Amino acid sequence: MEKVKRQSLKRSFMEAVAMTMLIVFLCCGLTIFGCYRFQKHVLPDSNEVWLTQQTAAPDGTVTEAKVRYVLDGPPEPFSQLTADGQEHNENQGQTSYMIERIESSYSMLSPKARTAYRASQICMVLLPLLFAVIGITLCAWWFYHKVLEPPITVLMDATAHIQDRDLNFQISFDGQDELGQLCTAFEKMRQTLYENNRQMWSMLEERRALQASVAHDLRNPIAIMTGYVEYLQENNRGGTLTEEKLEKALFNLGITAERMGRYTDTMRDLGAIEETEVHHREVELPDFLQHMADSLSILFQNTEVHFSCDLHVPKGRAVLDGELLYRVLENLISNALRFAKHQIELAFNLEHGTLLATVTDDGPGFSEKLLKKKTALFYSEDTSGKHLGLGLAVSRALCQKHGGTIELSNQPPHGACVKASIKVKQSP
């Protein structure tokens, strides 16, 4: 499997800052260079000089003419200068020359040139600061909207769903940074909450079913007891209450009271099962299951029923609650012994992290009415009231605590089949 490379928020932030700094430095450099070139263009060149020619006429008149030369420039032909409005005359008088360097200073600029020069100086200082502020602002805006805002929006939306007690949604964000990992962890938490709520809702539904079942089943013994009390009162008032009638009524009242006591014990036992904790430990398969089957074979002493065990489990280690599994199998086999004629089979299978334990017998099997009660709390077809189906109910509750369930079916041509499943963790 290809390993996904994770990009950290720190690295993303440093890359964004580095790119912003590079762009800001480039803009600042171009701005400073442009302003410098502009200032060089406005100020006079320090390599330029004025060549002044003074001519003194015989009559004492002095004329002056100037020309601009660049010292570092290419050589140019030099000729005699003539002042404006004066014709060339070889007998003008004495001529002299003077070279004067041009001052490169701000004071020599014109008012317009001074304003432009000052503006360029201001731009050299303010524009880099402005570029830095704009770069920081754009970097922060980009990093928030492109890196931080998407996962934050996803998490805020998920939080709103959870606050509204709505877990029927999915968090999908494919980022590989810390916020992406946080979204993945949040999705796992949502799935755990959803599963816990589902299990809790299932337990509440079972508790409601239990209350409805007990309330329904208690009507019969209560009605019987009420009927016998009225019967005794009527016979007592009529003077027809004999010793035989009294003993018969008291006997039936005792049986009814005993049945109501069993219902009470059933409620107490199921409450204790709900508080049972699952204790996982590592075991060796299939040796552990074989040892468990050998222990369960003790239940077949003094019976004519034959017991066999088939193991279809590969060798390896698994993490499970062995005591819980033993209690489940003990209840299932004890229940099968009540109906089996000659044979009970126990088979173990391990499929995709689920351990399946199947108990089959050669008895009459389950009735169609019972098989249709998929959500029934008590699996019982005993009309005498002596067996309330507590063993199967306890087994189902224990399997649910271990992430599994109980399934009832009939095995053709005859016989009942009970399949118990629990979740296990396989170790290498």
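The secondary structure of the chain comprises 8 helices and 11 strands in this predicted model. Of the 428 residues in the chain, 31% are buried. The accessible surface amounts to about 28,300 Å², and carbon and sulfur atoms account for 56% of that area. Among contacts between residues at least 6 apart in sequence, 67% link residues that are at least 24 apart.

Five of the strands were examined as a sheet. This sheet is open, contains 5 strands in the order 5-7-8-10-9, and shows mixed pairing. Its edges are formed by strand 5 (306-312) and strand 9 (405-410), each of which pairs on one side only. On average, neighbouring strands of the sheet are turned by 15° against each other, with direction ignored.

At one edge of the sheet, strand 5 is joined by 7 bridges to strand 7 (residues 343-351), and the two strands run parallel. Within this pairing, Cys309 has Leu346 in strand 7 as its bridge partner.

Two helices are associated with these strands. Helix 5 (residues 287-296) lies across strand 5, strand 7 and strand 8 (354-361), and runs at about 170° to strand 5. Helix 6 (residues 322-337) also packs on the sheet, where it touches strand 5, strand 7, strand 8, strand 9 and strand 10 (416-423). The direction of helix 6 makes about 15° with that of strand 8. Strand 5, strand 7 and strand 8 thus appear in the description of helix 5 and are likewise touched by helix 6.

Notes: Residues numbered from 1 in each chain as written. Predicted model: local features only at pLDDT ≥ 70, side-chain atom pairs only at ≥ 80, totals over all residues. Heavy atoms only, no water. Pairing = 2+ DSSP bridges. Helix = DSSP H or I, 4+ residues; strand = E, 2+ residues; numbered from the N terminus. Axes fitted to C-alpha atoms, helices over the stretch in contact; angles between N-to-C directions. Contact = heavy atoms within 4.5 Å. Buried < 20%, exposed > 50% of the residue type's maximum accessible area, 1.4 Å probe, protein only. Areas by Shrake-Rupley, 256 points an atom, 1.4 Å probe, with all protein chains shown as cover.
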